[in-house]
Every structure is written in structure tokens, then in C-alpha cells.
Amino acid sequence: MILKARDLIKLLARSVPYQQAIKVLEDGIACDIIKIGNILRNKERFVKRRQRLLGPNGNTLKAIELLTECYVMVQGNTVSSMGPYKGLKQVRYALLKRIHRAHHMKYCFSL
């Protein structure tokens with residue numbers, strides 16, 4: 001329970017809404033903080049690819065949330081996600097694929 005409380009504090013520090021962050025205390029739910037800021041050196045390219053994660057009106061992010069059953073929040077140089085362990089693995093894989101030039105979502109979920 002102490003580890004889950006630590007994860008709760010991490011999520012609250014990253015501005016995840018309280019109603020979402022409190023779910024990390026449930027069994028089978030975990031959180032993952034993915035650092036995406038140091039993947040690319042070029043700042044403009046990083047901003048464009050981070051925008052690709054969000055998609056128009058946040059549709060790409062909503063699609064990732066629906067497919068993985070996880071809550072995902074992009075803020076600054078990090079991505080906070082929480083959900084079942086299998087979903088977190090898929091979120092990490094999909095986000096890193098999107099950053100590394102995969103243009104279509106179907107290439108991101110080939111697990």
C-alpha cells in the first residue's frame with residue numbers, strides 16, 4: 001500500500017485529477033510515467049511529434065485510452081498513464097512508436 005501511495009503522490013504532482021489518481025490505490029491498477037523529452041534533440045521536431053500524440057482535438061489520445069483501457073495525460077516532457085498492467089505496456093509501446101515516426105495507429109498496436 002505504501003508503494004501505491006507513492007504512485008498516488010507522483011500522479012497528483014503531475015496534475016492528474018484527484019478522481020483519476022485515487023484509482024491507483026485499487027488492485028490491478030498501476031501507473032507509469034514515460035519520459036519523452038530526451039528522445040529527440042531537435043525542439044521543433046519534438047513539439048510536432050508530441051502534438052502527433054494528442055492528435056486533432058485529442059482524438060489520438062482518446063483512441064489510445066479506449067484501446068488500452070488506461071488513462072493517459074500528456075504534459076510537458078512526460079506522459080502519465082494509469083490502468084491495468086497489460087494496458088500500460090501497450091500505452092508505452094504505442095507512445096514510443098508514435099514519437100519514432102509511426103504515422104498510423106494501426107502500426108502502434110501490433111503487440
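Visitor: What share of the contacts in the chain with a separation of 6 or more comes from residues 24 or more positions apart?
Guide: They account for 53% of those contacts. Contact here means heavy atoms within 4.5 Å.

Visitor: What kind of model is this?
Guide: This is a predicted model, where local features need pLDDT of at least 70, side-chain atom pairs count only at pLDDT 80 or more, and totals for chains, interfaces and linings use all residues. Residues are numbered from 1 along each chain as its sequence is written, and side-chain values use heavy atoms, with hydrogens and water left out.

Visitor: How many helices and strands does the chain have?
Guide: Five helices and three strands. Both are DSSP runs numbered from the N terminus: helices are H or I with at least four residues, strands are E with at least two. Along the sequence the pattern reads α-α-β-α-α-β-β-α.

Visitor: And what does the C-alpha trace span?
Guide: About 40 × 25 × 25 Å along the principal axes. The radius of gyration is 14 Å, which agrees with the value near 13 Å for a compact globule of 111 residues. That radius is taken over C-alpha atoms, and the globule rule is 2.2 Å times the number of residues to the power 0.38.

Visitor: What percentage of the residues is buried?
Guide: Buried residues make up 41% of the 111. Buried means under 20% relative accessible area, exposed means over 50%, and partly exposed is in between, using a 1.4 Å probe and protein chains only.

Visitor: How much area does the chain expose?
Guide: About 7,000 Å², with carbon and sulfur atoms supplying 55% of it. Areas come from the Shrake-Rupley method with a 1.4 Å probe; for residues, only the protein chains shown count as cover.

Visitor: On to strand 3. How many of its residues are buried?
Guide: Six of six, across residues 78-83. Thr-78, Ser-80 and Met-82 point one way. Val-79, Ser-81 and Gly-83 point the other way.

Visitor: How many bridges join strand 1 to strand 3?
Guide: Six, and the two strands run antiparallel. Strand 1 covers residues 30-35. Ala-30 stands opposite Gly-83 in strand 3. Two strands pair if DSSP finds at least two bridges between them.

Visitor: In what sense do strand 2 and strand 3 pair?
Guide: Antiparallel, over five bridges. Strand 2 is residues 71-75. One of the partners is Val-74, which bridges to Val-79 in strand 3. Strands 2 and 3 form a hairpin with two residues between them. Gly-76, in the turn, has a positive phi of about 65°.

Visitor: Let's pick out Ser-80. Which residues does it touch?
Guide: Leaving aside residues up to four places away in sequence, Ser-80 touches Leu-11, Arg-14, Val-16, Asp-32, Ile-33, Tyr-71, Val-72 and Met-73. Ser-80 lies in strand 3. Its relative accessible area is 4%, so Ser-80 is buried.

Visitor: New topic. How many salt bridges are there by the rule?
Guide: Two. The rule asks for a side-chain nitrogen of Lys or Arg within 4 Å of a carboxyl oxygen of Asp or Glu. Side chains of opposite charge can pair when their charged atoms come close.

Visitor: Which residue forms a salt bridge with Arg-92?
Guide: Asp-32, with the closest N and O atoms 3.0 Å apart. Arg-92 lies in helix 5 (residues 85-99) and Asp-32 in strand 1, so the pair ties together parts that are 60 residues apart in sequence. Arg-92 is partly exposed at 32% relative accessible area, whereas Asp-32 is buried at 16%.

Visitor: And which residue forms one with Asp-7?
Guide: Arg-6, with the closest N and O atoms 3.3 Å apart. Asp-7 is buried, at a relative accessible area of 12%. Arg-6 is partly exposed, at 44%.

Visitor: How many disulfides does the count give?
Guide: Zero. A disulfide is a pair of cysteine sulfur atoms within 2.5 Å.

Visitor: Why is there no bond for Cys-31?
Guide: Because the closest cysteine sulfur, in Cys-70, is 11 Å from the sulfur of Cys-31, which is too far.

Visitor: Are those cysteines buried or exposed?
Guide: Cys-31 is buried, with a relative accessible area of 16%. Cys-70 also counts as buried, at 5%.
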